[in-house]
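Here are my notes on this model, as numbered points. Please read them with the structure open.

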Amino acid sequence: MITLAESIFQFAESRCYSASLKETTSLFFSTEEITQKLNIGRTQASRELNQLVNNHVLFKINTRPVLFSLREFFVQKFQIEIVEEYESIENFQNQLNSISSEKVFEKIIGYNSGLAEAVEQLKTAIFYPNNGLPVLLMGETGVGKSYFAQIMDEYMIREGVLLENSPFLTLNCAQYANNPELLSGVLFGYTKGAFTGADEDHKGLLEAADEGVLFLDEVHRLNDEGQEKLFNFMDKENFSRIGETKERQSKVRLVFATTESTESFLQTFLRRIPIQIYIPSVAERSLFEKRQLIEYLFKKESQDIKKTIEVTPRVMDILLQTTFSGNIGEMENVIKYACGSAIAHSNKSRQVEIKIKDLPQKIYASFDSPVELANAE
């Protein structure tokens, strides 16, 4: 049965992750809201809320009425320390306003080491005059290209380059690789009757992403005609829906991602993408960065399952030596598997210990005597 503290936490989580950052007060709630939402007495609600503040789950603003919010939301969103109490919303807002936009890059493991050059290339693309430059993210499956694009979007919002409510749209081109006509319709839009099944006018993603970002994943799956249409758009910033002659304009920042080499593209298409960023595989990362990735994923899992996770040194040794062909994506799946296995043997404890037996057999089977790497940097 869910506890009162867990119910309040879920309410706070829902409030923070659904509210707009534009209006800070929308991220907070009062004791009265909790009494009404959970149908409990004011004294009980106040006692539980203050206990969650003491446990560093919530923090509060000492206004009238007192306001509460979820501490971890702001820690993750802004990479800052949150104290237990603030005198006013203004004091809290001043702290947020003083945060450098650069802190958003701290979410990228290796931002100041292995990925430092990639971050600088990203800034070059963002601040180039007249709507920036298109970006091509290259790297193996699972290295974090989509996440990199999201960080780019968040940084632009922090810098005021984009509005907070500006669109961030994603399309995986592989979904339409066998139907180039439909892909063109999804990208550029179409008019009623333009082709079989076009029963009404349809706005394409280029139009919908106006004043925002369009992220095209697996862009190498675009055929030559699709690439030609896109480089024409990059040249002129205008396009036509399928079935019409009217020219439309859209001010959209384009981010592409591919697992293939540049040889897979038309050279005319590539010439219009001057910023080409390579995201290294896990195997190409330093041992220190690989450890950081593993620790980050365990921390993320701990937050998701709301349990403390302890990892034995031998498990860490094995994970550090494992070659993850699926990169961060595969690493995350292995860690989820291990946590699930540990929970199944934890007797409903608030803490789970990850042991070798919790790893997928294919991971630990080849390790007889792992090299001691637990303290390596």
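1. Start with the second largest pocket of this predicted model. Its volume is about 420 Å³. The lining of this pocket is made up of 18 residues. Nearest the centre lie Lys107, Gly144, Tyr147, Tyr296 and Ile328.

2. Which elements give two or more residues to that lining? They are α7 (145–159), α12 (287–305) and α14 (327–344). Helix α12 supplies the largest share, 4 residues.

3. Now the chemistry of the same pocket. The lining of the second largest pocket holds 11 nonpolar residues, 3 polar ones and 4 charged ones.

4. Next, enclosed space. Rolling a probe the size of a water molecule over the atoms shows where empty space is left. The count here is 1 cavity of 30 Å³ or more. The largest cavity has a volume of about 40 Å³.

5. Which residues line the largest cavity? The lining consists of Leu297, Lys300, Glu301, Asp304, Glu332, Ile335 and Lys336. Two elements, α12 and α14, each give two or more residues to this lining. Helix α12 gives the most, with 4 residues. By class, the lining of the largest cavity has 2 nonpolar residues, no polar ones and 5 charged ones.

6. Helices α12 and α14 therefore deserve a second look in the viewer: both are among the elements that give two or more residues to the lining of the second largest pocket, and both do so for the largest cavity.

7. On to charge pairs. Side chains of opposite charge can pair when their charged atoms come close. The count for this model is 19 salt bridges. One of them joins the side chains of Glu102 and Lys123, at 2.6 Å from N to O. Glu102 lies in the loop between α5 (89–97) and α6, while Lys123 lies in helix α6, so the pair ties together parts that are 21 residues apart in sequence.

8. Is Lys123 buried or exposed? Lys123 counts as buried because its relative accessibility is 16%, and the cut-off for buried is under 20%. Its partner Glu102 is partly exposed, at 34% relative accessibility.

9. Stay with Lys123 for its surroundings. Lys123 is a residue of helix α6 (residues 116–127). Leaving out residues up to four places away in sequence, Lys123 touches Glu102, Phe105 and Tyr155. Glu102 is thus both a contact of Lys123 and its salt-bridge partner.

10. A second pair is Glu106 with Lys103. Their side chains meet in a salt bridge of 3.4 Å, N to O. Glu106 is partly exposed, with 33% relative accessibility. Lys103 is also partly exposed, with a relative accessible area of 23%.

11. A third pair is Lys355 with Glu353. The side chains form a salt bridge of 3.9 Å, N to O; the cut-off for a salt bridge is within 4 Å. Lys355 counts as partly exposed, at 36% relative accessibility. Glu353 is partly exposed too, with a relative accessible area of 33%.

12. Some salt bridges share partners. Such bridges join Glu207, Arg241, Glu244 and Arg248 into one network.

13. Helix α2 (residues 31–38) has a buried side. Thr31, Ile34 and Thr35 are buried there. Why do they share a side of α2? They cover an arc of only 100° around the axis, which puts them on the same side of the helix.

14. What does the face of α2 turned away from its buried side carry? The exposed residues Gln36 and Lys37 are found on that face. Asn39 follows α2, and its phi is positive, near 55°.

15. Last, the chain as a whole. It has 15 helices and 15 strands. Its C-alpha atoms fill a box of roughly 65 × 60 × 40 Å along the principal axes. Of the 377 residues in the chain, 46% are buried. Take the contacts between residues at least 6 apart in sequence: 69% of these join residues at least 24 apart.

Methods. Residues numbered from 1 in each chain as written. Predicted model: local features only at pLDDT ≥ 70, side-chain atom pairs only at ≥ 80, totals over all residues. Heavy atoms only, no water. Buried < 20%, exposed > 50% of the residue type's maximum accessible area, 1.4 Å probe, protein only. Arc of directions from axis to C-beta. Contact = heavy atoms within 4.5 Å. 1 Å grid on protein atoms, 1.4 Å probe; cavity = no way out; pocket = protein on both sides within 12 Å on 5 of 7 lines; lining within 4 Å. Points joined across faces, edges and corners; volume = space filled by probe spheres on them. Nonpolar A, V, L, I, M, F, W, Y, C, P; charged D, E, K, R; others polar.
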